Amino acid sequence: YNNMGLVFRETGQYQKALEAFDKALAIDRELKSRWAIAYDLRNKGLTFLEMGDAERSVPLLKEAVSEAHAIGNRINKAKALSGLGMAYAETGNIKASEEAFKKALNLAEEMSMPETGWRSLYGLAKLKLSEQGDEAEKLLKQAVKKIEAMRADLKIDKLKESFVNNKLSVYKTLVTLLADRGRVAESFEIAERSRARNFIDLLGNQQISLKNSTDQELFNRQAFLRTEIDHAERLLAGSRETEERQIYRERLSRLNNDYNDLMLDIQAGNPQLASFVSVAPLKAEKLTAELDEGVALLAYYILSDELFCWVIKPLDKKGDKEGGISLVRTPIDTESFKKEILDFRRRIQNLEPLKDQSQSLYNTLIAGVIPHLGDVKKLGIIPHGSLHYLSFATLFNGKTYLVDDFSLFYLPSASIYKYTKTRRNAAKNTKVLAIGNPDLGNEALNLPFAEHEVESIRWNFPDITVLIGEKATESWVAKNISRFGIIHLATHGEFDAVNPLFSAIMLSKGENLDGNLETSEVFGLDIQADMIILSACQTGLGKVTDGDDVIGLNRAFFYAGTHTIISSLWRVSDVSTAVLTKTFYRRYRTYDKADSLRLAILHVKNKYPHPGYWGAFTLSGDYY
């Protein structure tokens, strides 16, 4: 009944949740199980808190604290105290709230309960927001430090044990506070840190074969140490004897030292792998120094009632800031804004009229940014949340689309900019692997224009290997992909929203392989290509996690070795795609990637004006 109550609560069925907790409580009172009674009371109290009825939650949480204290259950006592702190805060009893949070924090520190610790710090910080900015900032930074020192796989059941939805609320509160205090660069740095979640853990802790044995060994070692740290924390939290706690505390200290040493090795040997398993700090001034002339980054961040956009421009040759970092803040209704984006995507894919909707989104996302851009010619878009699914090229200002005025590229986070830039080649590697219309065993999946698409590449890049039909097997691609500088895949792509590891490029079967080149398999490839073009359906999509990491094919291909990916955000016409592809390669003989894509889009736009035909393709990574 207790577990049923938790499920009902997480699905918003609060009355059913309360009924289930009452049934559990009745049984546990009959059994006189004070341990279980305390948990039932806490869960029921937190349910009332989620329902917005803090008054009814207070006595339940107080009784839970009392029961847990009476039998020495310090774990539940700490969690109940943290919930009680939230309930008191909602009722306006600030003194009692602060006292409860401090008691919870002390217990959490004593027993190494980092989750309860950061929640308590966050609760204390929110109490100080209106009166003491310095104290609130200090507490929020302590909470962030604790979060980033934690084992990075806060699983779903842990995240949902208490009223706070997830740890990202800490980052968002700190970002807003720093911005309110005029610390624009620092607010950007914290926002960037909040994007940097443990990518591998968020994929469900499934086994992934990385592209070389050293990386695999390092990754396996850090996964093992995180598991051991988690086990040691559980033992410490559950111990009652002073001597026993000291033993567990010393073991935990040794494991944390081993983990820190390992992370230093990973960061020194493979910064890209480090970005998957840790939160790497980014300094704003280093980013502005890396930016090329004429390039600006737009880093978006969606808050509860505001949209932040940091405009990041390069330093001039003297080292003075031309633009540095500025912040544009736009009031929004977040839920309405998300619905507006969904409606726009529906219209664009169905080829419906959409200029009014496009202009509305332009006004929210771009209009306030334009005065900060000056002579910028290229815009790097760093999306957040639902913006990952939006084609910025299709935003309309009433006269022109954004792609008419700027060449665009996308980055999953600002930290990726330096990584992709350092992988640039002095000269273009024009040895091409082009795959078109593989034999998928189903005539309904045939893409006849894809064959024309890949053959058209030969006109501009004669050093090309073309695989069509049954020759385009997954096994051949996996074995030979490292030989090519440009990889063009004109086939179907499937996006799996439930488990993005199963998102795949669909190729022909062969040698006991199913033909689906899945995200998890891409990690193991050795790719030397300067650019990958995924001319397939919805290949640019990925699942946006709470940490705003997009789990999809793009991130896997970046890890495997490429640094530029062109992919699509919705199902595209194979006719317009063939035209766009042919034009892109023709332009790429003379221009960089972003300019070539822009010119190709403009060419298609002249023939097929609706954005549904030309707006799907986006360039992620290095634009050069």
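**Exercise 1. The chain as a whole**

Among contacts in the chain between residues at least 6 apart in sequence, what percentage join residues at least 24 apart?

*Solution.* This is a predicted model, in which local features need pLDDT of at least 70 and side-chain atom pairs count only at pLDDT 80 or more, while totals for chains, interfaces and linings use all residues. Residues are numbered from 1 along each chain as its sequence is written, and side-chain values use heavy atoms, with hydrogens and water left out.

Step 1. Contact means heavy atoms within 4.5 Å.
Step 2. Of the contacts between residues at least 6 apart in sequence, 71% join residues at least 24 apart.
Step 3. The chain holds 27 helices and 16 strands; these are DSSP runs numbered from the N terminus (helices H or I, at least four residues; strands E, at least two).

**Exercise 2. Two helices**

Determine how H7 and H8 are arranged and which classes of residue meet.

*Solution.*
Step 1. Helix H7 covers residues 114-128 and helix H8 covers residues 133-149. Their axes (lines fitted to C-alpha atoms over the stretch in contact, with angles from 0 to 180 degrees between N-to-C directions) are 8 Å apart, at an angle of about 165°.
Step 2. That makes H7 roughly antiparallel to H8, a term for angles over 145 degrees.
Step 3. Residues of H7 including Trp118 and Leu121 meet residues of H8, among them Leu139 and Ile147.
Step 4. By class, this contact has eleven nonpolar, three polar and three charged residues. Ala, Val, Leu, Ile, Met, Phe, Trp, Tyr, Cys and Pro count as nonpolar, Asp, Glu, Lys and Arg as charged, and the others, Gly among them, as polar.

**Exercise 3. Glu148**

State whether Glu148 is buried, partly exposed or exposed.

*Solution.*
Step 1. Glu148 lies in helix H8.
Step 2. Buried means under 20% relative accessible area, exposed over 50%, and partly exposed in between (1.4 Å probe, protein chains only).
Step 3. Glu148 has a relative accessible area of 24%, so Glu148 is partly exposed.
Step 4. Glu148 and Arg193 are 45 residues apart in sequence, and their C-alpha atoms are 9.4 Å apart.

**Exercise 4. Paired strands**

Describe the pairing of S6 with S7, then the sheet that contains S10.

*Solution.*
Step 1. Two strands pair if DSSP finds at least two bridges between them. Six bridges join S6 to S7 (residues 464-469), and the two run parallel.
Step 2. Pro438 has Gly469 of S7 as its bridge partner.
Step 3. In S6 (residues 432-438), seven of seven residues are buried.
Step 4. An open, antiparallel sheet has the order S9-S10-S11. S9 and S11 each have a single partner strand, so one side of each is left without a neighbour in the sheet.

Notes:
Parallel < 35°, antiparallel > 145°, perpendicular 65-115°, else oblique.
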